[in-house]
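Welcome! Here is a short tour for anyone meeting this structure for the first time. Take a look at it, and then read on.

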Amino acid sequence: MSHGHGPHSVPPRVGKWILIGLYVACAVVFGLDFFYEKHGHYAVEQWPGFHGIYGFVCFVGLVLTAIVLRKIVMRGEDYYD
Amino acid sequence: MTEVLAASLPPGLLLVFGAALVPFLRGNAKKLWMLALPILGLAQIWLLPADFSWVVEAYGYSLEIVRIDKLSRVFGTVFHLAAGLSVLYALKVDDDTQHVSALAYSGGAIGAVFAGDLVTLFVYWELTAITSVFLIWASRSERSYKTGIRYLLVQVLSGVLLLAGTLLHFAETGSLAFDNLGLVSPGTTLIFLGFGIKSAFPFLHNWLQDAYPESTATGTVWLSAFSTKLAIYALARGFAGTEILIPIGAAMTAFPVFYAVIENDLRRVLSYSLNNQLGFMVVGVGIGTDLAINGAAAHAFAHILYKGLLFMAMGAVLQQAGTTKASELGGLWRKMPWSAGFCIIGGMAISAFPLFSGFVTKSMILTAAAEEHHTIAFFVLLFASAGVLDHSGIKVPYFAFFAHESKAAEKVRGEVPWNMLVAMAIAAFFCVAIGVFPAPLYDLLPFPVEWTAYDMTHVVTQLQLLLFAILAFVFLNKVGWYPAELRSTVLDTDWFYRKAAPAVVRAVGGVLGRAVVGAKELAFASTDKVIGGLERVFRPGADTLGEPWPSGRTAAFAAVVLVLLLVIAYFA
């Protein structure tokens, strides 16, 4: 992880189980799309897992764009002082 | 009897006048009084009839100083709740200035949502501006003083626009009533801009992120609840169905999330997040259907509680660790487990996880957008929902309480006092209760609700969006792409008035200054020449007029002058 001063505050074993829980949950909610009739307003919403993919792509896009934005708008902490 | 009592004072003024008594009370009496004010105020608005109206005649104009209907009452209710929780959270603060200004501020906001005409609205509008600035100054630093001045200027400008618009609107229509105005004339446009400043439209927004994080640990909790939601109420009342609000609101949901990723101060992150949440409400107001207005009002209700909770959690961090900079924090959960837990609940509520309040309110707005075929807005809101998860659902709780052990965490001695924890617990309770049992909130809404958030599609698609966004966070961290928290200042539109405008003023001032100096030098040089010339003529001992004249020459000179005058007089 890029952020950091000390060791991670959550014990690695706990962290590992949280991640496993996340992966399982993702798989379950993705898989659920094949077992019920969706009623989204747009055709694209009918695709299985659309919202999952949209969420993932948006999040990555957001963070990568923000990194570029940071190069433009970030200044020293005492910039206005 | 109680009804007569309730009708004897406009809602809100109980808190305004009650605030004035606070400095004269001591100890438990003071605490009880402060806690009693929002409770009595809430009782008052529910004792009054649901269609109560109070009209006064002043100088031949009739002003509706109180108007109760479902729209004003849902905002009035949550304002009282927010005031009560904020009083509890700030109960141990030993600073009467903060207590008085905060109570009067909340009273002003309550009075404003019950104002039935634009003049009454204006008076309360300015009252909220003037009282709230003391919460920023309460930090009592040079920095907070300057920020407060900037904040006050912007807030007063918003009020001036409202007043100017009101006067133009009155001149045109002869009406002061505060009903649906629409963007139909210069007057209503000015009013719209006044509301736009206070609801932090894009480019008019930066007063919020500038000012709120500069207040005290408790002051920001107060500030987060009232001004902006008063503005949302005002938009819902005056400009429901004004379509321009849809792109404005969509932009508001989207651009702050980028800033929230890179901002280091977690209270400033929450201020960007607040701006983003206002965007959802503005879109709802712009769509203007019953479902959308219900969504905007419900979202404001839920938002005030979960945003207050998040600011309370960060206030707790500020109080115990001395900072809310993500770069300095981490690992606080061991010392502050309750605050961490409440912060996570607030984060889940704002991220709109099913069974939390944000889910049952935000989905109304998204559904309304889709039903009315606002496709771009719909997908922007969906994007912004993933963005909310990043900054408020993950970043704020994660970097403050978890992530890596920090020096700040070592200094922390333990949890905040009981009153702050209880305030957070109650807010957290509402975040879950509204999510699980939305019906009581739906009953408060302006229009009948025939809609449920809990169907298979809504729940599964929302869980997909959120869980896969968390997956993206894990992925970005694993590959080392998630931006590190750095001590920094992030430039926003305030740069224009904090750096650019002063630089322009200095430059123009410099040019003008040089021009003045030049002109002065030129004037002095010319004067010197004239004086030098005169001196040469009149100096004693000079050959010309400086010499003493014999009386004959003087008489001859006077005669010539007189003849000249005679000639001039003859022809004139």
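Let us begin where two chains meet. Helix 2 (residues 50-73) of chain A and helix 17 (residues 375-401) of chain B pack at about 65°, their axes lying 9 Å apart. Axes here are lines fitted to C-alpha atoms, for helices over the stretch in contact, and angles run from 0 to 180 degrees between N-to-C directions. Helices (H or I, at least four residues) and strands (E, at least two) are DSSP runs, numbered from the N terminus. This is a predicted model, in which local features need pLDDT of at least 70, side-chain atom pairs count only at pLDDT 80 or more, and totals for chains, interfaces and linings use all residues. Residues are numbered from 1 along each chain as its sequence is written, while chains are lettered from A and ligands numbered from 1 in the order in which they are written.

On the helix 2 side of chain A, the residues that meet helix 17 of chain B are A:Y54, A:G55, A:C58, A:F59 and A:L62. Their partners in helix 17 are B:L382, B:F383, B:A386, B:G387 and B:D390. Two residues are in contact if their C-beta atoms, placed from the backbone, lie within 7 Å.

Zooming out, 50 residues of chain B are in contact with 47 residues of chain A. Helix 21 (456-478) of chain B is among the elements on the chain B side, and helix 21 gives the most, with 18 residues. The table sorts both contacts by class (Ala, Val, Leu, Ile, Met, Phe, Trp, Tyr, Cys and Pro count as nonpolar, Asp, Glu, Lys and Arg as charged, and the others, Gly among them, as polar).

| Contact | Nonpolar | Polar | Charged |
|---|---|---|---|
| Helix 2 of chain A with helix 17 of chain B | seven residues | two residues | one residue |
| Side of chain B that touches chain A | 31 residues | 13 residues | six residues |

Now for the inside. The largest nonpolar core has 206 residues, and B:L309 is one of the six that touch the most other members. Such a core is a set of buried Ala, Val, Leu, Ile, Met, Phe, Trp, Tyr and Cys residues joined through C-beta atoms within 7 Å. Leaving aside neighbours within four places in sequence, B:L309 is in contact with residues including B:F342, B:M424 and B:C431.

Is B:G552 buried or exposed? B:G552 is exposed, because 8 other C-beta atoms lie within 10 Å; 20 or more would make a residue buried, 12 or fewer exposed, and anything in between partly exposed, with C-beta atoms placed from the backbone. B:G552 belongs to helix 23 (residues 551-571) of chain B.
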